[in-house]
Amino acid sequence: MQNNRVLSGMRPSGRLHLGHYHGVLKNWVKLQHEYECFFFVADWHALTTHYETPTVLSENVWQMVIDWLACGVNPGAAKLFIQSRVPEHAELHLLLSMVTPIGWLERVPTYKDQQEKLKSRDLATYGFLGYPLLQSADILMYRANMVPVGEDQVAHVELTREVARRFNYLYGREPDFEQRAEAAIKKMGKKNIKLYNKLKREFQEKGDQESLAKAHVLVSEQQNLTISDQERLFGYLEGLGKEILPEPQALVTEHSKMPGLDGQKMSKSYDNIISLRESPDDVSRKIKTMPTDPARIRRTDPGNPEICPVWSFHKIYSDESTKSWVQEGCRSAGIGCLECKEPVIQAVTAELEPIRTQALEFESDPNHVRSIIADGCEAARDVAKETIDDVRQAMGLGYR
Ligand code: TRP
Ligand code: SF4
């Protein structure tokens with residue numbers, strides 16, 4: 001299996017802030033040029049925790065898409081869609097639920113953690129227990145092999161791998177695999193058919209690894225084969241069945257802990273965020289009122305940057321010379337805290353300026369945004385239909 005697909009989703013649970021930008025979006029922007037990327041609004045996921053407040057969805061879905069676009073996520077490079085507009089996700093979730101032991105879901109660490117954390121909501125629901133499996137369906141639907149996520153989501157990718165393994169073990173080989181593989185070979189064109197068969201023979205008869213590798217390249221280069229067909233041909237080379245649902249890898253995002261204004265992780269629930277649309281005045285006001293090392297009561301009291309949230313911002317935004325100016329000035333009381341905050345205010349304002357401008361532009365043209373998403377949904381559905389078709393076949397539902 002060697003496709004190069006990336007899939008990731010984000011819940012529309014509030015306005016995006018600098019934590020999303022540094023932890024997720026900058027990474028998406030980079031990945032979109034390196035791989036085939038699918039990024040989606042996980043609206044059904046938001047309902048697993050916010051089912052009592054549906055307005056959360058309507059208020060945030062489009063604004064979130066606008067924030068993505070404003071940050072440079074590019075619909076020409078990545079497919080952008082909304083989960084609930086690709087109903088195949090629900091069907092795959094249902095079908096995977098047939099083979100997923102309840103214990104696997106109860107053991108996912110976020111299950112108990114979140115129930116503890118969000119005590120004010122009743123999360124003893126079927127939907128909440130099943131939401132990591134919904135995530136597995138999201139990932140497996142696109143046969144993605146890379147899933148950029150934060151540390152807290154790694155367990156969900158791990159669950160996805162286990163579910164895929166179990167699925168493949170139960171249904172691994174399509175009943176009509178050979179015919180389908182032969183039909184796929186025929187789509188390649190005369191010269192390539194000959195080459196594929198020759199390499200396959202060399203590998204199967206003599207165990208020649210080089211031929212196997214060459215055949216893999218050959219198959220992945222066939223533009224007119226679907227991913228399903230390519231997987232059949234990979235499996236066929238080695239005398240195996242088709243791996244219906246390949247196991248994904250988590251791509252853990254570094255920097256995912258953008259500090260908030262108070263030094264804790266930046267998060268809406270801690271009320272310590274700078275949103276991506278914050279006005280320059282608000283940026284300035286928020287940073288000026290940030291807490292600093294409490295030892296610096298008077299201007300002449302020396303401080304320690306290591307325990308100051310402003311220093312965490314310098315680590316992200318400042319160059320070496322500014323950083324040593326902070327270190328020396330703080331420890332010797334050579335600079336005041338307001339002075340120290342000035343370069344951070346400048347840097348954050350400069351970073352947000354183009355994002356705000358772009359967002360305003362997209363906001364004034366909702367039809368454009370809707371059409372970007374419509375195109376993305378269509379592209380996503382094409383892939384989803386192919387996968388769901390294979391899964392139905394494998395599970396005995398091919399008669400429909
Ligand atoms: N559960 C993720 C979160 O809460 C969002 C998500 C849903 C996701 N489906 C996904 C992330 C698939 C990666 C891949 O942040
Ligand atoms: Fe923090 Fe800077 Fe003040 Fe030191 S000088 S306490 S690093 S704001």
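**Figure 1. The largest nonpolar core of this predicted model has 92 residues.** Those with the most contacts inside this core are Leu25, Trp68, Tyr142, Ile274, Phe313 and Val348. Helix 17 (residues 366–394) gives the largest share, 10 residues. Domain 1 (5–172 + 247–256 + 365–394) and domain 3 (277–363) both contribute residues, so the core lies between them. Leu25 makes a good starting point for looking around: leaving aside residues up to four places away in sequence, Leu25 touches Met10, Leu16, His20, Trp68, Cys71, Val73 and Leu276. Another core, of 17 residues, lies apart from the one shown here, and includes Ala181, Ile185, Leu225 and Tyr236.

**Figure 2. The whole chain, for orientation, is divided into three parts: domain 1 (5–172 + 247–256 + 365–394), domain 2 (177–237) and domain 3 (277–363).** Domain 1 and domain 2 have C-alpha centres 32 Å apart, and their contact takes 5 residues from domain 1 and 6 residues from domain 2. In secondary structure, the chain has 17 helices and 5 strands. Its C-alpha atoms fill a box of roughly 80 × 45 × 45 Å along the principal axes. Of the 400 residues, 50% count as buried. If we take contacts between residues at least 6 apart in sequence, 77% of them join residues at least 24 apart.

**Figure 3. Gln32, in helix 1 (residues 18–34), uses its side chain to reach the backbone of Gly72 and of Asn74.** Gln32 has a relative accessibility of 4%, and therefore counts as buried, the cut-off being under 20%. Its side chain reaches the backbone oxygen of Gly72 at 3.0 Å. The backbone nitrogen of Asn74 is reached by this side chain at 2.8 Å. Both partners also appear among the residues that Gln32 touches, namely Cys37, Gly72, Val73, Asn74, Ala77 and Ala78, with residues up to four places away in sequence not counted.

**Figure 4. Helix 11 (residues 209–220) has its buried residues along one face.** The buried residues to look for are Ser211, Leu212, Ala215, His216, Leu218 and Val219. Seen down the helix axis, they fall within an arc of 160°, which is why they line one face. A reminder helps in reading this pattern: an α-helix has 3.6 residues a turn, so residues three or four places apart point the same way. Helix 10 (190–206) and helix 12 (227–237) are among the elements that cover the buried residues of helix 11. On the face turned away from the buried side, you will find the exposed residues Gln209 and Glu210.

**Figure 5. Asp208 caps the N-terminal end of helix 11.** A side-chain oxygen of Asp208 lies 3.0 Å from the backbone nitrogen of Glu210. From this capped end, you can follow the helix along its length: at 1.5 Å a residue, its 12 residues should span 16 Å, and the end C-alpha atoms are 17 Å apart, which agrees.

**Figure 6. Arg180 and Arg232 have C-alpha atoms separated by 7.7 Å.** Along the chain, these two residues are 52 residues apart. Arg180 lies in helix 9 (residues 177–186). With a relative accessible area of 21%, Arg180 is partly exposed, as buried would require a value under 20%.

Terms used: Residues are numbered from 1 along each chain as its sequence is written. Chains are lettered from A and ligands numbered from 1 in the order in which they are written. This is a predicted model: local features need pLDDT of at least 70, side-chain atom pairs count only at pLDDT 80 or more; totals for chains, interfaces and linings use all residues. Side-chain values use heavy atoms; hydrogens and water are left out. Helices (H or I, at least four residues) and strands (E, at least two) are DSSP runs, numbered from the N terminus. The expected span of a helix is 1.5 Å times one less than its number of residues. Buried means under 20% relative accessible area, exposed over 50%, partly exposed in between (1.4 Å probe, protein chains only). The arc is that of the directions from the helix axis to the C-beta atoms. Contact means heavy atoms within 4.5 Å. A polar contact is a pair of N or O atoms within 3.5 Å; within protein, one must be able to donate a hydrogen and the other to accept it, and residues adjacent in sequence count only if both atoms are side-chain atoms. A nonpolar core is a set of buried Ala, Val, Leu, Ile, Met, Phe, Trp, Tyr and Cys residues joined through side-chain atoms within 4.5 Å. Domain bounds come from an automatic or database domain assignment.
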